[in-house]
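Biologist: Could you take me through one part of this model at close range? I would like a connected account that I can follow with the coordinates open beside me.

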Amino acid sequence: MFKGEKFMVKTLGVRFREVGKIHYFIYPGEDIEIGDIIIAETMRGQDCGKVMMVKDTVELLEKFDPAEKIVRKATSEDLESIRLKECEEAEMIFKKKIEEHKLKMKLVDVEYIFDRHKLIFYFTSESRVDFRNLVRDLAGIFKIRIELRQVGMRDEAKILGGVGICGQPLCCATFLNDFHSVTVKMAKDQGMSLNPTKLSGACGKLKCCLQYEEENY
């Protein structure tokens with residue numbers, strides 16, 4: 001399909017959440033640039049994202065899912081439909097419901113899928129939570145599909161953001177797409193103090209930056 005020079009095909013890297021992973025699409029066109037907001041068909045349904053990367057070649061074909069595609073650039077009407085007020089309302093209702101059900105959960109974030117067919121709640125909990133009745137209640141209120149996703153401490157920091165002990169914004173909330181394994185051995189190899197308070201990030205886990213220079217030791 002993409003053989004020959006008559007097709008102007010690009011690779012687009014799109015982020016659907018502010019600090020989410022980058023998803024890759026094949027796009028045969030010239031009208032989309034870095035920073036543009038686009039509408040795409042994804043495995044979760046139609047969603048809205050920001051273009052983070054544009055390349056004039058198609059690379060790493062295994063990254064692409066044929067069922068996913070760019071539909072169009074977002075219009076002003078599309079952007080107006082992404083309303084913060086709806087997420088704030090959903091957040092208040094969720095917190096009220098977990099109190100009613102006496103569930104030990106902490107809400108981290110709320111996300112509406114662009115075409116409004118699904119509402120996702122991200123939460124943390126120190127133990128396993130049976131939230132079936134909670135989902136049933138929320139589905140009855142919002143009249144759409146409800147999904148609850150339990151995230152870890154590192155994911156919570158990535159979503160909420162913040163400033164590290166270095167004085168800079170958290171790496172995970174700015175440029176890290178994926179988390180990698182970090183060990184105390186990395187700190188030992190670099191001759192760093194093994195003081196837990198100095199090695200731990202805002203999430204309480206070992207700082208991601210310990211891995212940056214590990215290969216040089």
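Biologist: Which residue follows α3, and what is the sign of its phi?

Modeller: Happy to help, and please keep in mind that this is a predicted model. The residue after α3 is Lys143, and its phi is positive, near 60°. That value is worth a pause. Most residues other than glycine have a negative phi. Lys143 is a residue other than glycine with a positive phi, and its place is the loop between α3 and β8. With a relative accessible area of 66%, over the 50% cut-off, Lys143 counts as exposed.

Now step back into the helix itself. Helix α3 spans residues 132–142, and its buried residues are Leu134, Leu138 and Phe142. Viewed down the axis of α3, these buried residues fall within an arc of 50°, so they line one face of the helix. Turn to the other side of α3 and you find Arg132 and Arg136, which are exposed. The cover over the buried residues of α3 includes one helix, α2 (84–100), along with the strands β6 (106–112), β7 (118–124) and β8 (145–150).

Two of those neighbours, α2 and β6, are joined by a loop that holds Lys102. Lys102 is not a glycine either, yet its phi is positive, about 55°. Its relative accessible area is 75%, which means that Lys102 is exposed.

For the setting, the chain has six helices and eight strands. Reading from the N terminus, their order is β-β-β-β-β-α-α-β-β-α-β-α-α-α. Of the 217 residues in the chain, 37% are buried. The C-alpha atoms fill a box of roughly 60 × 55 × 30 Å along the principal axes. If you count contacts between residues at least 6 apart in sequence, 58% of them join residues at least 24 apart.

One such pairing in space can be seen at Ala74, in the loop between β5 (69–73) and α1 (76–80). The C-alpha atoms of Ala74 and Ile38 are 4.8 Å apart, although 36 residues separate them along the chain. Leaving aside residues up to four places away in sequence, Ala74 touches Ile37, Ile38, Ile39 and Leu79.

Strand β3 (residues 37–42) also contains Thr42. Thr42 has 12% relative accessibility and therefore counts as buried, the cut-off being under 20%. Its side chain has two polar partners to look at in the backbone. A polar atom of the Thr42 side chain lies 3.1 Å from the backbone nitrogen of Arg44, and the Thr42 side chain reaches the backbone oxygen of Gly45 at 2.7 Å. Beyond four places in sequence, Thr42 touches Phe16, Phe25, Asp47 and Glu68.

Finally, a look at open space. Rolling a probe the size of a water molecule over the atoms shows where empty space is left. The second largest pocket holds about 510 Å³. Its lining consists of 22 residues, and those nearest its centre are Arg17, Gly20, Lys21, Tyr122 and Arg149. By type, the lining divides into eight nonpolar, four polar and 10 charged residues. Helix α4 (residues 153–160) gives the largest share of that lining, three residues.

Terms used
Residues are numbered from 1 along each chain as its sequence is written. This is a predicted model: local features need pLDDT of at least 70, side-chain atom pairs count only at pLDDT 80 or more; totals for chains, interfaces and linings use all residues. Side-chain values use heavy atoms; hydrogens and water are left out. Buried means under 20% relative accessible area, exposed over 50%, partly exposed in between (1.4 Å probe, protein chains only). Helices (H or I, at least four residues) and strands (E, at least two) are DSSP runs, numbered from the N terminus. The arc is that of the directions from the helix axis to the C-beta atoms. Contact means heavy atoms within 4.5 Å. On a 1 Å grid over the protein atoms alone, a cavity is a set of points where a 1.4 Å probe fits but cannot get out, and a pocket is an open set with protein on both sides within 12 Å along at least five of seven lines; lining residues have an atom within 4 Å of a point. Grid points are joined across faces, edges and corners, and a volume is the space filled by probe spheres set on the points. Ala, Val, Leu, Ile, Met, Phe, Trp, Tyr, Cys and Pro count as nonpolar, Asp, Glu, Lys and Arg as charged, and the others, Gly among them, as polar. A polar contact is a pair of N or O atoms within 3.5 Å; within protein, one must be able to donate a hydrogen and the other to accept it, and residues adjacent in sequence count only if both atoms are side-chain atoms.
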